[in-house]
Each structure stands twice: as structure tokens, then as C-alpha cells.
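Here is the structure to be read, with its sequence. The text below should be followed with both in view.

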Amino acid sequence: MNNSKLTAPKDGVYEFFKQGHQIEENSLHLIGFEFDGTACFRKGARLGPDSIRSNSPGIESYSPYLDLDLEDYSNLIDLGNLPVGHTEDQTANWRIGTDAFFKLTEKSNLNKDRAKILTLGGEHSISYAPIKKYLETFDDLVLIHLDAHADLRDSYEGHHYSHASIIRRVLDHWGDNHHLIQYGIRSGTKEEYKWMEQEGTIRKSLDNFLDSIKEIDPMRPLYLTLDLDYFDPAYLPGTGTPEAGGETFHSFIRLCKILKSKNFVGADVVELAPEIDSTGNSSVFATKVVRELILLLGRDNK
Ligand code: MN
Ligand code: MN
């Protein structure tokens, strides 16, 4: 683990985190994965994890939406950022971080240990490691995919594990009782749309999407992979492939309120590219989104 790079401030959201080196029982763990090697349009998502940490002093510990306060939480652990390679071979660079994630979590049964992980990207390809771990742990996992893009390509620009293929790649590890729900998608190939229609994974309206989540058995484990380009670029322009016609913060809060009464076991937040938005507002927006997820995921561990 590369804790030397950790910039966790001692106030704001991260006042409530202790720095750690391993997965512990009854705890929520934050892991940064600073990789953006396959980003095709505008890079910079590698700066996402530390930008979210360093913006936290501007964010209150209390969420009025969820009526939850980080002051009441004691088992929040920041494991720092995974090592990544910096060679010409982007697949090898990605593999170093991905293997480090597996090594870090190999001895943990996240279910039995009641251990949770919130992974911060990085581009969307970094979600492969946490989602694979969660699919192996929970044979009835529901994967909620919020994104502007379908991410179902078999490969993209020569990268098998591309940010544009992440959902396709986790389907390689799919079991009979795993379930996928996709919402916010407004960009994809004809083939990707055909697949989502055939498999019934895509939800086309907010109400329809939220109803699908409400209907899920409260005991069934839910994992969220959140590509921040889900949000409209008017609110969050600091992302590699912005797509007009996106969602609002309030649509996300409506989801969070439902997740409060569900078995929400893990999440990743990806594709924040701080330097693309010179105002810095995108990072502040993302930090607030992450606070809500910390409050929801850490709640059982009070
Ligand atoms: Mn996307
Ligand atoms: Mn994506």
C-alpha cells in the first residue's frame, strides 16, 4: 500500500477515518485506485481519490438527507491508495493495482466479517477488482450500475479491461443468482442497447429505476458502481467523457434514501477528473456524494 501518498486531512469527513493497512471486521474501508491509463478522451481520473480526500474539510459530517452523522461512526478505515504501474503497457499498470486489491482482500470474507469496501477511482476499469471480489463473496448480489455509458463493449481501443468494457468484464464472473440493474445510460452502441433490452437490465425512467430497487428483498446484498458521468455535466463537468442529458444530485439522494433500508454492502465511485473542471466544483460535488455513501455503508458498523 502506498500510504506515503495519503493526503487525508484531519478535519471534515476524514476526521472520522483512521489510517490502516488491512481489512478489519465490522469496518468500512476506503481504498483509492489511481489509474486512468485506458481513458480515451480526457485523462485525469487518477487524481480522483486524493481530490476527494482533500476536499473533505469543506463538507459537514452530518447529512440532512439521511439524518446520519459521521460523528456517530467509529470503524472507518482509510487504506490509502493501491500501487499502480507507470509504464507504457497500460494493461500491466492496471494489473498491478488490481492484483494489489485482490492480495489485500484475499483473506477476508466480507460477508462473514461484516467488512465493507468503498473504492475510489480512477477510471471505471478499476471497478473490476472490487466487483469481482463482491460477486465471489455474495452469490445473490445485485449490481447497480449508474453511468452515462453502457460499458458493455468486449474491448475498446485494444484494451480488454477498458473503462468502456467494465460491465462486460464483470459479466465474465456472473453466477445464476447475480442480478444487474443499469440506470442513467444515455450513450452506447446499437449492440449494447440491444443487449440491455434483451436482458432487461436497463431502466429508462427514474421512477422505474427506484421502484426496481425498492422491490428488492431487504436482506439481499446490493453493490453500487457509480460512474460520476451519471450526473449531468452542468453539475459535474470534471469527468473524462461527459454526456449531456444526465441526472441530478437529488435523483441520487432518492436512491440513497431507499438504500438506507436495504442490505447495502459495497460501492465504488469512479471517473472524477478534478483538473478538467478548473472551478473545483466537480470535486466538491463528488465529495458530497461520497459522504452519503460512507454514511450508508458505515452505518452497520457504528
Ligand atoms: Mn461513463
Ligand atoms: Mn463507466
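The account starts from one strand and proceeds to a metal site.

The model is predicted. Strand E10 spans residues 221–227, and seven of its seven residues are buried. Its two faces are both covered: Pro 221, Tyr 223, Thr 225 and Asp 227 lie on one side, with Leu 222, Leu 224 and Leu 226 on the other.

E10 has parallel pairings with two strands. Strand E7, residues 142–146, is joined to E10 by five bridges. Strand E11, residues 263–270, pairs with E10 over seven bridges, also in the parallel sense. Tyr 223 can be used to trace both pairings: Leu 143 has Tyr 223 as its bridge partner in E10, and Tyr 223 in turn has Gly 266 as its partner in E11. The connection between E10 and E11 involves helix H7, residues 249–259, and the three elements make a right-handed β-α-β unit.

Asp 227, one of the buried residues of E10, is also a donor to the manganese ion (ligand 1). Which other residues coordinate this ion? They are Asp 147 through OD, His 149 through ND1, and Asp 229, which is listed twice through OD; the distances run from 2.1 to 2.5 Å. Along the sequence, the donor residues follow the spacing D-x1-H-x77-D-x1-D.

A second manganese ion (ligand 2) lies 3.3 Å from ligand 1, and Asp 147 coordinates both ions. Asp 147 has a relative accessible area of 0% and is buried. His 149 has 14% relative accessibility; the cut-off for buried is under 20%, so His 149 counts as buried too.

Notes
Residues are numbered from 1 along each chain as its sequence is written. Chains are lettered from A and ligands numbered from 1 in the order in which they are written. This is a predicted model: local features need pLDDT of at least 70, side-chain atom pairs count only at pLDDT 80 or more; totals for chains, interfaces and linings use all residues. Side-chain values use heavy atoms; hydrogens and water are left out. Buried means under 20% relative accessible area, exposed over 50%, partly exposed in between (1.4 Å probe, protein chains only). Helices (H or I, at least four residues) and strands (E, at least two) are DSSP runs, numbered from the N terminus. Two strands pair if DSSP finds at least two bridges between them. A crossover is right-handed if, with the strands pointing away from the viewer, the path from the first strand over the helix to the second runs clockwise. Donors are N, O and S atoms within 2.8 Å of the metal (3.2 Å for Na, K and Ca); water is not among the atoms, so sites may look incomplete.
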